[in-house]
Amino acid sequence: MTQRITVTHTHGDRISVASGGVELMAYVYRPDPDAFEARKPYAHPLRTLAGNPVSGYRPNDHRWHKGLQMTASHLSGQNFWGGNSYLGPEQGYQRVEDRVGSMRHDGFEEFTAAEDRLRFVEKLTWVANPSVPHSGGQEWARELRTIELHSVEPEEGAWALDWSIRLTNIRDEALHFGSPTSAGREMAGYTGLNWRGPRDFTGGDVIGPDGRGGDGETGASDLMGTPAAEAPWIAFTGEHDDVDGHSTLLFAHAPENADSIHASHWFVRSEPIPSVAPSWAFFEEFELLPGESFGYRYRVVVADGAWDRARAEGYLKNHGW
């Protein structure tokens, strides 16, 4: 049985969702002050039904890591992820201020808060850095982002967040999506929807279907770069500081992602930082022509306890798309 939720919308700032006396999620759409961190909306904090935190915000190793957020690490020479930009094997990562773009919140096309579900459709514009020669401050893409928080189920010990994106190129030239790996850095293909875990999740266990994954960094290494076609879901389990216990985040591709513009692969690290992204441009760039669009849809399940493979697969089977 699903549990009631309470939605609090602080207009111009954030949307908070609570249940059972616990704030499960805050979706923050007010721009953060530092442009170098790529101003854009993000979901933080994320908490389990028991109130345990499962997202990190501005960690000292990467200040631009903010909970769960949509990113694009390499996009036609711009960085919509934030922080240092990877400039190739010879130059490595460098702080280049005018390469960092932003995602502007333009309002909500739909906002529905029901007794047990929140759904909103957000309008955003992806804007190039104002200092870019010849195209500074130009609007490059329009996005429709749909967020649904649902299935708050104490008996399952879990709740679910569906996050979808529909992105349209509004430039008069093609947009090229890539990653550090497509630019020459081995097995660092992060881009797209990106989760940063809390510090105490470092060294957590990562599993996937068909016996993939395992304990600690071994599991993360086994799944790093795996095609979504072979592993449509992965689960990351961490052990908390302060309280005795574990929590699990289950990340899953919607079935229609298999037909999207470009094949996805998993970016997953357990050490030195906990991070997961269903990367849409891990190994190779893809092109989005003027006026064309692409879409992806994902599910993130936030659960108390250490879930095994049978628990993860059973949950996804019993909770359809």
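Two strands count as paired if DSSP finds at least two bridges between them, and I start from that rule. The model I am looking at is a predicted one.

**Entry 1: the β1–β2 hairpin**

I looked up strand β1 (residues 6-10) and strand β2 (residues 14-19), and I found that they run antiparallel and are joined by five bridges. As an example of the register, I noted that Thr6 has Ala18 in β2 as its bridge partner. The two strands form a hairpin with three residues between them, and in the turn I noted Gly12, whose phi is positive at about 85°.

**Entry 2: the open sheet**

I then traced an open sheet of nine strands, whose order I wrote down as β9-β10-β11-β12-β22-β18-β17-β15-β16, with antiparallel pairing. At its edges I found β9 (102-113) and β16 (213-214), each of which pairs on one side only.

Within this sheet I followed the contact between strand β12 (residues 158-169) and strand β22 (residues 293-304), which pair in the antiparallel sense over eleven bridges. Which residue of β22 stands opposite Thr168? I found Ser293 in that position. Thr168 itself belongs to strand β12, and I recorded it as partly exposed because its relative accessible area is 22%, whereas buried would require a value under 20%. I also checked Thr168 against Pro290: the two are 122 residues apart along the chain, yet their C-alpha atoms are separated by 8.0 Å.

**Entry 3: strand β20 and its partners**

How many of the five residues of strand β20 (residues 275-279) are buried? I counted five of five, so I noted the strand as mostly covered. Ser275, Ala277 and Ser279 point one way from β20, while Val276 and Pro278 point the other way, and I found all of them buried.

I next asked what pairs with this strand. Strand β14 (residues 192-196) runs antiparallel to β20 and is joined to it by two bridges, with Trp195 facing Val276 of β20 as its bridge partner. β19 also pairs with β20 in the antiparallel sense, here over five bridges, and the partner I noted for Trp266 is Pro278 in β20. β19 and β20 are connected as a hairpin through five residues.

**Entry 4: aromatic rings**

I found 27 aromatic pairs in the structure. One of them is formed by Phe294 and Tyr296, which I logged as edge-to-face, with 5.6 Å from centre to centre and 70° between the planes. Phe294 counts as buried because its relative accessible area is 2%, and Tyr296 is likewise buried, at 2%. I then turned to Trp307 and Tyr315, whose ring centres lie 5.5 Å apart and whose planes meet at 50°, so I entered this pair as tilted. Both Trp307 and Tyr315 are buried.

I also noted a cluster in which ring pairs link Tyr27, Tyr29, Phe108, Phe111, Phe120 and Trp163.

Which rings have an arginine over them? I found the charged end of Arg171 over the ring of Trp140, at 4.0 Å from its centre, and Arg299 over the face of Trp321, at 4.2 Å from the ring centre.

**Entry 5: pockets**

I looked up the largest pocket and recorded about 310 Å³ of space in it. It is lined by 21 residues, of which His62, His65, Trp81, Tyr93 and Tyr190 are the closest to its centre. Among the elements that contribute to this lining I noted β7 (85-86) and β19 (265-269), each of which supplies at least two residues. When I sorted the lining of the largest pocket by class, I obtained nine nonpolar, ten polar and two charged residues.

For the second largest pocket I recorded about 220 Å³ of space. Its lining has 14 residues, and those nearest the centre are Ala228, Ala229, His253, Asn257 and Ala258. By class I entered nine nonpolar and five polar residues for the lining of the second largest pocket, with no charged ones.

Note on methods: Residues are numbered from 1 along each chain as its sequence is written. This is a predicted model: local features need pLDDT of at least 70, side-chain atom pairs count only at pLDDT 80 or more; totals for chains, interfaces and linings use all residues. Side-chain values use heavy atoms; hydrogens and water are left out. Rings of Phe, Tyr and Trp (its six-membered ring) pair if their centres lie within 6.5 Å; planes under 30 degrees apart count as stacked, over 60 as edge-to-face and the rest as tilted. Buried means under 20% relative accessible area, exposed over 50%, partly exposed in between (1.4 Å probe, protein chains only). A charge sits over a ring if NZ of Lys or CZ of Arg is within 6 Å of the ring centre and within 35 degrees of the ring normal. On a 1 Å grid over the protein atoms alone, a cavity is a set of points where a 1.4 Å probe fits but cannot get out, and a pocket is an open set with protein on both sides within 12 Å along at least five of seven lines; lining residues have an atom within 4 Å of a point. Grid points are joined across faces, edges and corners, and a volume is the space filled by probe spheres set on the points. Helices (H or I, at least four residues) and strands (E, at least two) are DSSP runs, numbered from the N terminus. Ala, Val, Leu, Ile, Met, Phe, Trp, Tyr, Cys and Pro count as nonpolar, Asp, Glu, Lys and Arg as charged, and the others, Gly among them, as polar.
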